[in-house]
Every structure is written in structure tokens, then in C-alpha cells.
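Let us walk through this structure step by step, beginning with its sheet and then moving outward to the parts that pack around it.

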Amino acid sequence: NPGTGKTTVARLMGAIFKEIGLLESGHLVEARRSDLIGKYVGQTTPKTEAAVKEALGGVLFIDEAYSLVEGYNEGRSFGEECITTLLLAMENYRGRFALIVAGYPDEMRQFVESNPGLRSRFDQFWHFRDYTNEELVTIVDRYVAKNDYVLEAGWTERLLEAVSAVPRDKFFGNARLAREVFHTMKRLHAVRVLAQGLSSRNDLMKL
């Protein structure tokens, strides 16, 4: 699901693979459907190959990878060409880059099942669960501390109430929600500082 740390972990995997000698540089290249698939015939293979070559020595991370197979049944997608190119690259550049794909669980299962080559090459699946409300408050706390702010007494409980009230549907933002909460707190704090003419360090740093 969104905001569960997939990109962060992909970046860490690249660093780990470099440290243990599996990859040369361990850098991360992020790609989505629009970065790999062209609008016209003849554009998809070069775009996909370019992304792979940029990722050599590191990790190619494709978020929302299930979108690559959209339109298969209607015969209007270049996704099959993209996947074929990726599979060929995984063979031709074996050991020279890592490919990590991510997305919603159900859609990703359909993605892997859409092509026998994908089923045979992807043999490790990691589910990133949603953060608990308490963990989201901890993330906000870390944003607060990292930016040298302090929380007013009682705000942790109020934060917990706030994040607990957010519906946990398919679009729940997880850590993105925590970041948005922190930025909202900063913005409201700035308005209050200006409106009340606050100037002491304690007033300026207390959210």
C-alpha cells in the first residue's frame, strides 16, 4: 500500500547489495509506466532499455508495476513489449542489476501471473503491512524532533486521536499521512506565530 516504505527499502537493498559485493554501485533508479512505455510503436523498447542501462550496477525499482499489463485484453497496450524487454534484460545483464517491482497486493499477484517469465523470475514476495496508529504518531514525533521542534504537553494523545479518525481504505497514505500531518502542524504554527507576534525561542519551537 502507499507510504509503507517500499522505495526506502529498495534503496537500502541497493546499498546492502553493494556492501556485500553483489552490485557495483547500488544506486536506485525509480521508474513508472510512463518512464518505460511509449505512446507510439517503436518507443517502448528503447525507453525500457534506457531505464535498465541507467540501473546497471544498482537497482531498477518499478512502482505500480501492475500498470504495465493494463490494456492487454484490449490489444492496445505496449506493456507486453515492455515486459518482454525487461525479461530479456534480466537474462542478458544477469548479476549486473536488481529488479524490484511494487504495488497493491492483489494487482501485483495478477501482474506476476500475467507472464510465465515473470512467475519464474520473481520468487521473493514481501508484504509491507500498514503502519499502526501508534507507529504513525512515532513517525510524526520523529519529524518534529528532526526539525528541532517540541510538542506541547498532551499533543501525543491528540495526534493519536487524529490519525485514528482517518479511514483506512485503499488510499490510506500511511507514512505520507504522517508527513502531511507534520507539514500542516508547521503551517498552522507559522500562522499562529505571525498572528500573535511570538518571538521567544520556546514559543517559536513549540508545536
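To describe how a helix lies relative to a strand, one fits lines to C-alpha atoms, for helices over the stretch in contact, and takes the angle, from 0 to 180 degrees, between their N-to-C directions. In this model, which is predicted, helix α1 (residues 6-19) lies across β1, β2 and β3, and runs at about 165 degrees to β2.

The strands that α1 crosses belong to an open sheet of 3 strands, arranged in the order β1-β2-β3 with parallel pairing. Because β1 and β3 stand at the edges and each has a single partner strand, one side of each is left without a neighbour in the sheet. From one strand to the next, the twist averages 20 degrees. Between β2 and β3 the parallel pairing extends over 5 bridges, and L60 has L99 in β3 as its bridge partner.

We can now turn to the interior. In soluble globular proteins, nonpolar side chains tend to be buried together. Here the largest nonpolar core has 29 residues, and those with the most contacts inside it are L60, I62, L68 and F111. The elements that give two or more residues to this core are β1 (28-31), α3, β2, α4, β3 and α5, with α4 providing the largest share, 6 residues. If we leave aside its neighbours within four places in sequence, I62 is in contact with a set of residues that includes A31, L36, L86 and V101. A second, separate core of 17 residues includes L136, Y149, L159 and A178.

Since α4 gives so many residues to the largest core, what does its own geometry look like, and how far apart are its end C-alpha atoms? At 1.5 Å a residue, the 14 residues of α4 should span 20 Å, and its end C-alpha atoms are indeed 20 Å apart, which agrees. The buried residues of this helix are G79, C82, I83, T85, L86, L87, A89 and M90. An α-helix has 3.6 residues a turn, so residues three or four places apart point the same way. Among the elements that cover the buried residues of α4 are α3 (44-55), β2, β3 (98-102) and α5 (105-113).

Finally, consider the loop between β2 (59-63) and α4 (79-92), where S67 lies. Is S67 buried or exposed? With a relative accessible area of 8%, S67 is buried, because buried means under 20%. The side chain of S67 reaches the backbone oxygen of E64 at 2.7 Å.

Methods. Residues numbered from 1 in each chain as written. Predicted model: local features only at pLDDT ≥ 70, side-chain atom pairs only at ≥ 80, totals over all residues. Heavy atoms only, no water. Helix = DSSP H or I, 4+ residues; strand = E, 2+ residues; numbered from the N terminus. Buried < 20%, exposed > 50% of the residue type's maximum accessible area, 1.4 Å probe, protein only. Polar contact = N/O pair within 3.5 Å; in protein donor to acceptor, adjacent residues only side chain to side chain. Expected span 1.5 Å × (residues − 1). Contact = heavy atoms within 4.5 Å. Core = buried A, V, L, I, M, F, W, Y, C linked by side-chain atoms within 4.5 Å. Pairing = 2+ DSSP bridges.
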